[in-house]
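Please open the structure in your viewer and keep the selection panel at hand. The tour moves from the whole chain to one sheet, and then to some cysteines.

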Amino acid sequence: MRWLKRWANESNSDDVELNDEQRDVVEAAPDARLLVIAGAGQGKTEVVVSRIDHLTRYESLETNELLVLSFSRAAVSAVKKRLDLRDVPTPNVRTFDSFAGLLLLDADVEAVGSYEARVRRATRLLEESEEVPPAVELLQHIIIDEIQDLVGDRADFVLALMKRLDRAAGITALGDPLQGVYDFQIEESASKTSSKDVFGVLRSRFECEEVGLGANYRARGKYPKHVVAKAGALRRAYDAHDARKAEDIVDELMDDAPYLGAFDQWCGRVGSSDEKTTAVLCTTNADVLRVSRALNRQSVAHAVRRQAQDFGAARWIAGALGGLSGTKVWRSDVEGALARVLESEGVSQRWMDLKAAEGGSRSYDSLDLMRLRRVLEARNLALPLTEPDESSVIVSTIHRAKGLEFDRVFIIEPGWRPDDEGIWPRVCRDYVALSRARDSIYVCSAMESKSAVGPDKRRSGRFTEQKYGKRGRRYTSAIEFRYDDVYVTAPASSRKTNARDVQGLLLNADFVGSAVIARLDPASALSTTPSYLLYCDDQFIGRTSESFGVEFHHYFHWLRNRPKLIEGLSLASIETVAGDPAECEKVGAGRSGFWLVPRVTGLAEPDLSTT
């Protein structure tokens, strides 16, 4: 179980040497209010961790007096991992969406609807509540990362949060306007607050002093260092609002990068087993789906980077709690179960993570499984309880790669750009892509295809692939497989494999990133909502959901017979879900109400030769 042993293999790192600019931020007074302009690779994550260390160790702040917020799970994950490595007390580290959900949960407001709706509801709670919410009232300092990505509803939420802080509370806000790639979300947001507005309010209303972090520490290779050398000129063009100059700089960087051409010329490099972390970065979700399918066909193991909302509960939760039963369980029983799964390493920290997620319990020595199930069902999870990306090869949109860094980066030229796209959105997006690499950057040509991949806006926005038949008629050849297309109502089983064995396989499996094949369940061959059994390495791991069956029938009802096989999928992660304990007990998979499910991504393409 290599995925479990990461807890056992980690040890405390040596003290980090900070430069003068970084040290000034780290050692600022607890009530200081700073706006830190942190460019790519300037050690922002280390500064955040060192700032937390300084505030808790030398300024005597308790962890419940300190809140760390960020836009992406990638940034939150990096902070949490380094806190663990350096044995720094862990405060509440969350994404903006997760903290909004926590405020609703504490106020006994049901966290339902879209994440945007939850954020708006939490904003109203902050603005309209006469009393300051308990999770905010104690705060003496708030660290806000990636403020350039705060737009629309989330911007309003964070600004409302800061307004409810005590006047003596400190603020450390970090961001880089050059990496602001989410302003496009304003079009679909109820609020029109831009990232530029957020920077302005931090400087004016909250009187944050603007500072920098100095040198770049990410770049090691020749070309990443070349990108760093151009960053100063790019920032000067941004500050001068000279879009054409900035565009020329980025275009020159992209033109100078090593060019690898078509897929067959770079695929082998992506799949090389040299233990380097690799990112394949695409402009659109459609390009991500195409690249993932092409890598699947070449047996290149990889994971598709999911949106923040699609990171579910960690695998070890069901691994440890699955065998327990009852409404509440004693700490000794929980820690004993954790020790069996985590090999005795990190048991105390995991216990505290579970208790923090449970919330609201006055009992220190027991865990309320019912309340914990509620938290998991609402998907309102702090980062320590989420399942991370495990693959060494990540295929992602550029937007979702923000906050991440890799040894090698392959930038795929976009097959399509909107005609009305402005200069600054493209400049910022390309700069984000170019600044992810430590050692190597390559530019690759767009995936060639005779089909069109795009969202079906008439239904749920699910991506579909359209092709033209022999008579020139367009038809659907594949559909996007989504996060909720896997059956989660109860532990999955098949005629040949019982649920208990499936749970054991999912707990110990080490094939995240591998190809998944979907085979038609004979019992549903004639149904209008067909069910497919999911296999990885020829082992049964789960089945498709009823909603997937409905969508599959909608797009492929024209087929005379159901296809027996669906290809083009890969295993993104294995996660814990929560539900009715009776469903677990019914199939012999414990009585806790926690079980494991696979999460699958890709373009689900029926094998028409099997109809």
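A contact, as the word is used on this tour, means that heavy atoms lie within 4.5 Å. With that in mind, begin with the whole chain, remembering that what you see is a predicted model. Among the contacts in the chain with a separation of 6 or more, 76% are made by residues 24 or more positions apart.

**The whole chain**

Colour the chain by secondary structure, and you will have 21 helices and 22 strands to look through. The radius of gyration of the chain is 24 Å, close to the 25 Å that the globule rule gives for 611 residues, so the chain is as compact as a globular protein of that length. If you draw a box along the principal axes, the C-alpha atoms fill roughly 70 × 60 × 45 Å. Now switch on the surface: the chain exposes about 27,000 Å², and carbon and sulfur atoms supply 45% of that area. Of the 611 residues, 57% count as buried.

**The open sheet**

Next, select the strands E1 to E6, which form an open sheet with parallel pairing, in the order E3-E2-E4-E5-E1-E6. Which strands stand at the edges? They are E3, residues 92–95, and E6, residues 209–212, and because each has a single partner strand, one side of each is left without a neighbour in the sheet. As you move across the sheet, the twist from one strand to the next averages 20°.

Then narrow the selection to E1, residues 33–37, and E5, residues 170–175, which run parallel and are joined by five bridges. To look at one partnership in detail, pick Val36, whose bridge partner in E5 is Leu174.

Add helix H5, residues 96–106, to the view, and you will find that this helix packs on the sheet, where it touches E2 (66–70), E3 and E4 (141–144). The direction of H5 makes about 110° with that of E3.

**The cysteines**

Finally, select the cysteines. How many disulfides does the structure hold? The count is zero. A disulfide is a covalent bond between the sulfur atoms of two cysteines. For Cys428, the closest cysteine sulfur is in Cys282, and the distance of 19 Å is too far for a bond, since the cut-off for a disulfide is 2.5 Å between the sulfur atoms. Is Cys428 buried or exposed? Cys428 is buried, with a relative accessible area of 4%. End the tour at Cys208, which counts as buried at 7% relative accessibility.

Methods. Residues numbered from 1 in each chain as written. Predicted model: local features only at pLDDT ≥ 70, side-chain atom pairs only at ≥ 80, totals over all residues. Heavy atoms only, no water. Pairing = 2+ DSSP bridges. Helix = DSSP H or I, 4+ residues; strand = E, 2+ residues; numbered from the N terminus. Axes fitted to C-alpha atoms, helices over the stretch in contact; angles between N-to-C directions. Buried < 20%, exposed > 50% of the residue type's maximum accessible area, 1.4 Å probe, protein only. Rg over C-alpha atoms; globule rule 2.2 N^0.38 Å. Areas by Shrake-Rupley, 256 points an atom, 1.4 Å probe, with all protein chains shown as cover.
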